[in-house]
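Trainee: I should like to go through this structure term by term. Please begin with the criterion for accessibility.
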Amino acid sequence: MDNKNKYDRKCAIHKEHKIKIICATCKVVVCIECILSDHNGHKLDRIDVENSKKIFEEFKNNHIQNLDKQIDINNELLNKSNNLFKSIEDKHTENVNTITEVFKELSKLLPIIEIDKIKQLVTLYDENKDINTNISTTIHDNLNNINLITNKYKNTINHINIDKIINNNNDQHIEILKHCSQSQLLIKDNQNENKIKELINQYKNVNIVNNSEQVKNSIKEIFEISNSLSITNVKDPKRVISGRFTAEYFIYKNDSIIPNGTIHVAIGPSVKTIKIGSIPTSVQNLLLLDGFNVQLTEGMLPQSIRFLFVGAIKKPLLKSSIPNGVIALSLLDGFNQEITEIPQSVKELFLFDTPLTNFPYSKILIHRSPKYKQQLTHSNVRNWDGGNWEPKIEF
Ligand SMILES: [Zn+2]
Ligand SMILES: [Zn+2]
């Protein structure tokens, strides 16, 4: 190997090209490809002693010192990326499990529905079958009687001497009288015929409405899969000031301890979970900030809260998530989640820019700010100027 080939003189960016020249504008060595792309139009210079020395000095005094910092920065970014990916991975497992569970339930449900539907059909079929048996038996009995009587009397009735038979004093005449009665019943007023016709009218036609195509189509919508940038909205604001007073909100972070006596608390998107009891009962004003992503359950928010402000949060307000003690509920800009239940304690609802029109209210006075654009049919609605009511949020 000759001396020249021992050293790496490939371009750092274009591995297939050799370093040819110095870009004097950027103070770096470049290849022909560099000149044609990133360094197009830059001032170029030869790799001579003077230029090489200049670049080396820069390397020695500056770059090499700063490389250490880059190790930390790179490692931090790698950590951040891996942590983020870990939570994405966990969520993925959770999602797959949810879908698997739901489909397992569905596949159990299908044969149950199948059996039930067939059972309904069989029940109706059995009713028809009973009617058929009933009719056949009746007609069979009728024909037997008719045959018996006609065979017995058809050719002989004119030769029967009824006086003689009666005088014989056996019961032959009784049998004749019985056959007469039977004939009468078969003939009289179309009674027998009507009875059979009535039975025939009891047959039920059974149809099925086949909705399977619709169901097949709608079942595809059983899960909606969406995605969004994972980094967005995880930022908590720097400062939140109450709109009506000049009180500053305490911004709750994961595991932060809210000092007892705190009245105003805001919870942002960085919070992953709220342990029951972590919000003290001194808190009366609570603000759920845009991007707040915790599924509230009973007891998470204390009953001391009187004023609840809700921004563009990411989870619905399910039953018992609004504490029974809130008297005024404000739905701020961008609120677009389902509210399953508003507790009895809530007397007033303040609406900002939210698309919601359906509220599980009982006796609530609704105040609509100028930002609220939807139609409301509720009788107890007041237009209101917004009253400097919204919290002021600074990032
Ligand atoms: Zn290059
Ligand atoms: Zn350049």
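Mentor: Buried means under 20% relative accessible area, exposed over 50%, and partly exposed in between (1.4 Å probe, protein chains only). The model is predicted: local features need pLDDT of at least 70, and side-chain atom pairs count only at pLDDT 80 or more, while totals for chains, interfaces and linings use all residues. Residues are numbered from 1 along each chain as its sequence is written, ligands are numbered from 1 in the order in which they are written, and side-chain values use heavy atoms, without hydrogens and water.

Trainee: Why is Cys 26 called partly exposed?

Mentor: Its relative accessibility is 34%, which lies between the cut-offs, so the term applies. His 42, with 28%, is partly exposed as well.

Trainee: What makes Cys 26 (SG) a donor of the zinc ion (ligand 2)?

Mentor: Donors are N, O and S atoms within 2.8 Å of the metal (3.2 Å for Na, K and Ca); water is not among the atoms, so sites may look incomplete. Cys 23 (SG), Cys 26 (SG), His 39 (ND1) and His 42 (ND1) coordinate the zinc ion (ligand 2) at 2.0 to 2.3 Å, and therefore count as donors.

Trainee: How do you know that the site of the zinc ion (ligand 2) is tetrahedral?

Mentor: Four donors count as tetrahedral if all angles lie between 85 and 135 degrees. The angles among the four donor atoms here are 102 to 115°, and the site is tetrahedral.

Trainee: What spacing do the donors of the zinc ion (ligand 2) follow along the chain?

Mentor: The donors follow C-x2-C-x12-H-x2-H.

Notes: Four donors count as tetrahedral if all angles lie between 85 and 135 degrees; four count as square planar and six as octahedral if opposite donors are over 155 degrees apart and all others between 65 and 115; anything else is irregular.
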